[in-house]
Structure formats: structure tokens, C-alpha cells
Amino acid sequence: RDWSSDVCSSDLQLGVTTEALQEYRYAATQVGLSSEEMDQALSQLTRRAGEAASGTKAQAEAFDKLGVSVKDANGNLIPTGELIPMIADAMQKIESPAQRAAILMDLFGKSGQKLEPLLAGGSAAINNLRNAAHQLGIVLSSQQIQNADETADKLAAVKTVLQANIAGAV
């Protein structure tokens, strides 16, 4: 199994580190979302944060409504994994369910409303789930993922050699 392509290539597409991706995938499953739904939400948020940073009005307004900046004090784009807890805290201040739903849709696309249970507890609840993923040993380091990928490559090579030897013997 090619673990690095499952996780490492996703970080480029989704805008989060491999560690944050694993944390958020676990958190998603704890509130009834699939990993695919979480990946979609991360992808959408990454895209919309980038658009807001480059001045796209609709996306900038969605972040402004929450009082969340997509850039840090140095003007660098805040990583998507760090934006989610900020958004969760800001969402708690929005009393209208309709307004919350509209903002979630603006930030996360179609998967936005599905994220309501994850965001409802604010950053504390999200960070607790992320920490739980580490405590359960679910989050693999980049080195562990690379080692698993190298092992899978070696096993594939052994399989090829065995098949060739068997074919030669037959």
C-alpha cells in the first residue's frame, strides 16, 4: 500500500500538513463525517482562504464576518489546519443558525453544513479531538509514513521476483 500517496500528496491538494490531515480525519469520524467529506472541506477552505488573501471580495467578506484573518502579523497565509479552530471559536458568536449555515457554505462549500457538529464545540473541542488522535497512535509521523512506503515498495519487489521465479519454474 502506498501510504505516502494517501497522505503526503493530499497535503499539497488540501493545504494541510500530513499530521493535521490525519488529526482532522480522525476528528471528522468522531462527529459522523467521512474522511472524504473532511478532505473536501479542507480543500475548499484552503482555496477560499487563498482567494480571500488575494482580494476576492466574496471570500474576504466571509472571513470578515467572523473576524478571522487569513494572514498572520507578517502577512503570511495562515495554514488551513490553524484556521479551523479560529473559525470554530468565531462561529460560536454567531447566534443565527441561518447565518452560521451561510458562512459555513461560503468557507467550506457543500460540505460546510456537515462541519457544524465539529465546529460547534469551538477550538477546545477540536483540539481535544486532535490530541486524542495522537494519544490513540492514529497520527503517523512523516518518517513513519515514508518507512511504510519504502516497506511496501520492497514487498512489491519481492513479490515480482517470486512471481518471476515461479513462472520460470513452471
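Before you click on anything, one definition: buried means under 20% relative accessible area, exposed over 50%, and partly exposed in between, using a 1.4 Å probe and protein chains only. This is a predicted model, where local features need pLDDT of at least 70, side-chain atom pairs count only at pLDDT 80 or more, and totals for chains, interfaces and linings use all residues. Residues are numbered from 1 along each chain as its sequence is written, and side-chain values use heavy atoms, with hydrogens and water left out.

**Stop 1: the whole chain**

Switch to cartoon view. You should see 9 helices and 0 strands; helices (H or I, at least four residues) and strands (E, at least two) are DSSP runs, numbered from the N terminus. Of the 170 residues, 38% are buried.

**Stop 2: R100**

Select R100, which sits in helix α6. Buried or exposed? R100 counts as buried, because its relative accessibility is 18%. Show its surroundings and you'll find M91, I94, E95 and E116 in contact with R100, leaving aside neighbours within four places in sequence; contact means heavy atoms within 4.5 Å.

**Stop 3: the core**

Now select F63, L66, I87, L107, F108 and L119: of the 34 residues in the largest nonpolar core, these touch the most other members. A nonpolar core here is a set of buried Ala, Val, Leu, Ile, Met, Phe, Trp, Tyr and Cys residues joined through side-chain atoms within 4.5 Å. In soluble globular proteins, nonpolar side chains tend to be buried together.

Zoom in on L119. Beyond its neighbours within four places in sequence, L119 is in contact with I84, I87, A88, L104, F108 and I126.

Next, pick L83 in helix α5 (residues 80-91). L83 is buried, at a relative accessible area of 0%. Which residues does L83 touch, not counting those up to four places away in sequence? They are L45, A49, F63, V68, S69, V70 and I78. Try a distance label from L83 to L45: their C-alpha atoms are separated by 8.8 Å, although the two are 38 residues apart along the chain.

**Stop 4: the two sides of α4**

Colour Q59, A62, F63 and L66, the buried residues of α4. Look down the axis of α4 and these buried residues fall within an arc of 90 degrees, so they line one face of the helix; the arc is that of the directions from the helix axis to the C-beta atoms. The buried residues of α4 pack against α3, α5 and α6. Spin the view round to the face turned away from the buried side, and there are the exposed residues K57, D64 and K65. Just after α4, have a look at G67, which takes a positive phi of about 75 degrees.

**Stop 5: salt bridges**

The structure holds 6 salt bridges, each a side-chain nitrogen of Lys or Arg within 4 Å of a carboxyl oxygen of Asp or Glu. Select R130 and E23, whose side chains meet in one of them (2.6 Å, N to O). R130 lies in helix α8 (residues 122-135) and E23 in helix α2, so the pair ties together parts that are 107 residues apart in sequence. R130 is buried at 16% relative accessibility, and E23 is buried at 5%.

For another salt bridge, go to R47 and E51 (3.5 Å, N to O). R47 and E51 are 4 residues apart in helix α3, which means they are separated by about one helical turn. R47 is partly exposed, with a relative accessible area of 44%, and E51 is partly exposed at 24%.
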